[in-house]
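Work through the exercises below with the sequence and the model open. Each task is followed by its solution in steps.

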Amino acid sequence: MQHGPAVRRRKLGAELRALRTSAGLTSGEAARLVGWHQSKVSRIETGTSGVKPADVRLLLDAYTVADTQLRELLMMLAGSDDSDGRHHWWHAYRGVLPPTYRDFISLESQAGAMRTLETTVVPGLLQTPEYARAVTKAAVEGLPEDRLDTLVEVRLARQDVLRSDPPLELSAVLDEAVLRREVGGPGVMARQLERLIEAARLPQVRLQVLPFAAGAHIGVTGPFVIFSFSNTSDLDVVVLDHLTSSLYLERKEDLQAYTEAFNALQIHALSPEDSLDFIAGTATGA
């Protein structure tokens, strides 16, 4: 288990190593092509040191990598600007957001797909402003109003990934407790359930409810997120949230275990169509 920045360095290094090997180059030959010492290439590939976007570009050029999407993904892992030239928007909140949260947002913005099990609250990407405010206020007691406003602003800004081109593909399994827990009062919860119904109808969102009637299930161990990337499964990562930090799992065994767990949860959950009816029924008190 690693923290986010270490995971990104290692994944970026592993991908660069694979691309070098595919190009038929040794680390020494790659270093000579870009004018570096061999040790720098080795440190980058093992993830023991950070790498600048400009250095990644040099290596990709040396390896004759023409795949535009793959180049952009690897450049972003190195901290590059977004493909349209905008700086990562969350940099503006560096003084407010803890590093683990910034790193989560970074992965979320770069991923092609996100699978999540939620057992307590509505996923952040689907929260209304009022719901987000109530959840944040409850999670961090004594938060000044201006800081609370900022955190809610960040939560809502994250939701742009569902409207980007192409949008993030979101698959979420929600325990029934998420729908029953009255966050922020009846009015706030009613609007939040309406928002879930709207989101469930989006083509890029697959929403399923795991009803209490399903009994005990593998998800009782807690919520998790799986980020997947469009160009390579080698960059996929599992995120486990804790009160004061997040843990990132990158081993193939971990990814396989959580992927199988999510698949099992989808089988036990209601279908997307039945889930939509279930949420609507909960909203009307049926």
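**Exercise 1.** State how many bridges join S4 to S5, and how these strands run.

Solution. Three bridges join the two strands, which run antiparallel. Strands here are DSSP runs of E with at least two residues, and helices are runs of H or I with at least four, numbered from the N terminus. Two strands count as paired if DSSP finds at least two bridges between them. One residue to locate is Phe227, whose bridge partner in S5 is Val237.

The model is predicted: local features need pLDDT of at least 70, side-chain atom pairs count only at pLDDT 80 or more, and totals for chains, interfaces and linings use all residues. Numbering starts from 1 along each chain as its sequence is written, and side-chain values use heavy atoms, leaving out hydrogens and water.

**Exercise 2.** Find what joins S4 to S1.

Solution. S4 (residues 224–228) and S1 (residues 113–118) run antiparallel and share five bridges. Leu117 stands opposite Phe224. Ala113 stands opposite Ser228.

**Exercise 3.** Place the strands in the sheet and identify its edges.

Solution. The sheet is open, with six strands in the order S3-S2-S1-S4-S5-S6 and mixed pairing. S3 (205–210) and S6 (246–249) each have a single partner strand, so one side of each lacks a neighbour in the sheet.

**Exercise 4.** Is S4 enclosed, and which residues cover which face?

Solution. Five of its five residues are buried (under 20% relative accessible area, 1.4 Å probe, protein chains only), so S4 is largely enclosed by the rest of the structure. Phe224, Ile226 and Ser228 lie on one side, Val225 and Phe227 on the other. In a regular strand, side chains alternate between the two sheet faces.

Notes. Buried < 20%, exposed > 50% of the residue type's maximum accessible area, 1.4 Å probe, protein only.
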